[in-house]
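Hi,

Here is the structure I promised to pass on to you. Have a look at it first, and then read on for what turned up in it.

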Amino acid sequence: MWHTVQVIGHLGRDPESRQTAGGEVVRFSVATTRRWTGQDGQQREETVWFQVSAFGKLAEVCRQHLTRGRLVLVEGRLQPDEAGNPRIWTGQDGQPRTAYDLVADNVVFLDSPRGENG
């Protein structure tokens, strides 16, 4: 069995890079936000965070070209914890938060870096 996930969202922070025995790994967060109008007419918003890991040549490209706020499409596979679940915690505002870990197979840059035209 196999699964592939596609996520489109904005980077929450600049990528962090480190060297491992297997080569370079770059990690960055991507926020995806869904907006809709509820039955009561109120605007609703839900943001889901994905913590992305890229390896090898893809890691190098991400380190060189990604910055906080960039819009990207990430294709990859979910990497759950040992129990098969996403990470869950309580935010500073007391609200529950969830983050999904994603191992990237492909990253597509959907906008231009800051300071570049068109």
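Which strands do the buried residues of helix 1 pack against? They pack against strand 3 (23–37), strand 4 (43–55) and strand 7 (96–109). I'll come back to that helix in a moment, but first some ground rules.

This is a predicted model, so keep in mind that local features need pLDDT of at least 70 and side-chain atom pairs count only at pLDDT 80 or more, while totals for chains, interfaces and linings use all residues. Residues are numbered from 1 along each chain as its sequence is written, and side-chain values use heavy atoms, with hydrogens and water left out.

**The overall picture**

The protein has one helix and seven strands. (Helices are DSSP runs of H or I with at least four residues, strands are runs of E with at least two, and both are numbered from the N terminus.) Starting at the N terminus, the order is β-β-β-β-α-β-β-β. Along the principal axes, the C-alpha atoms fill a box of roughly 50 × 45 × 35 Å.

Of the 118 residues, 29% count as buried. Here buried means under 20% relative accessible area, exposed means over 50%, and partly exposed is in between, with a 1.4 Å probe and protein chains only. The accessible surface comes to about 8000 Å², and 47% of that belongs to carbon and sulfur atoms. Those areas come from the Shrake-Rupley method with a 1.4 Å probe, and for residues only the protein chains shown count as cover.

Now for contacts, meaning heavy atoms within 4.5 Å. Among contacts between residues at least 6 apart in sequence, 63% join residues at least 24 apart.

**Back to the helix, and the core**

Helix 1 covers residues 56–65, and its buried residues are L58, A59 and C62. Seen down the helix axis, they fall within an arc of 100 degrees, so they line one face of helix 1. (The arc is that of the directions from the helix axis to the C-beta atoms.) It helps to remember that an α-helix has 3.6 residues a turn, so residues three or four places apart point the same way.

C62 also shows up in the largest nonpolar core, which has 18 residues. A nonpolar core is a set of buried Ala, Val, Leu, Ile, Met, Phe, Trp, Tyr and Cys residues joined through side-chain atoms within 4.5 Å. The residues with the most contacts inside this core are F28, V30, V52, C62, V74 and V107. At least two core residues come from each of strand 1 (5–11), strand 3, strand 4, helix 1, strand 5 (71–78) and strand 7. If you leave aside neighbours within four places in sequence, C62 is in contact with P15, V26, F28, A54 and V107.

Another one to click on is Q51, in strand 4. Q51 counts as buried because its relative accessible area is 19%. Again leaving aside neighbours within four places, Q51 is in contact with R13, F28, S29, R87, A99, Y100, D101 and L102.

**Salt bridges**

A salt bridge here is a side-chain nitrogen of Lys or Arg within 4 Å of a carboxyl oxygen of Asp or Glu. How many are there by this rule? The count comes to eight, and these three are among them:

- R34 pairs with E46, with the closest N and O atoms 3.4 Å apart. R34 lies in strand 3 and E46 in strand 4, so the pair ties together parts that are twelve residues apart in sequence.
- E45 pairs with R35, with the closest N and O atoms 3.0 Å apart. E45 is in strand 4 and R35 in strand 3, ten residues apart. Both E45 and R35 are exposed.
- D93 pairs with R97, with the closest N and O atoms 2.6 Å apart. D93 is partly exposed at 49% relative accessibility, and R97 is partly exposed at 31%.

**On the surface**

I8, V108 and L110 form a nonpolar patch with about 230 Å² of accessible area together. (Patches are made of residues with over 30% relative accessible area and no salt bridge; like charges are joined within 9 Å, and nonpolar side chains, meaning Val, Leu, Ile, Met, Phe, Trp and Tyr, within 5 Å.) V108 is in strand 7, and it counts as partly exposed at 32% relative accessibility.

Finally, try G94, in the loop between strand 6 (87–90) and strand 7. G94 and V107 are 13 residues apart in sequence and 33 Å apart in space, C-alpha to C-alpha.

Cheers
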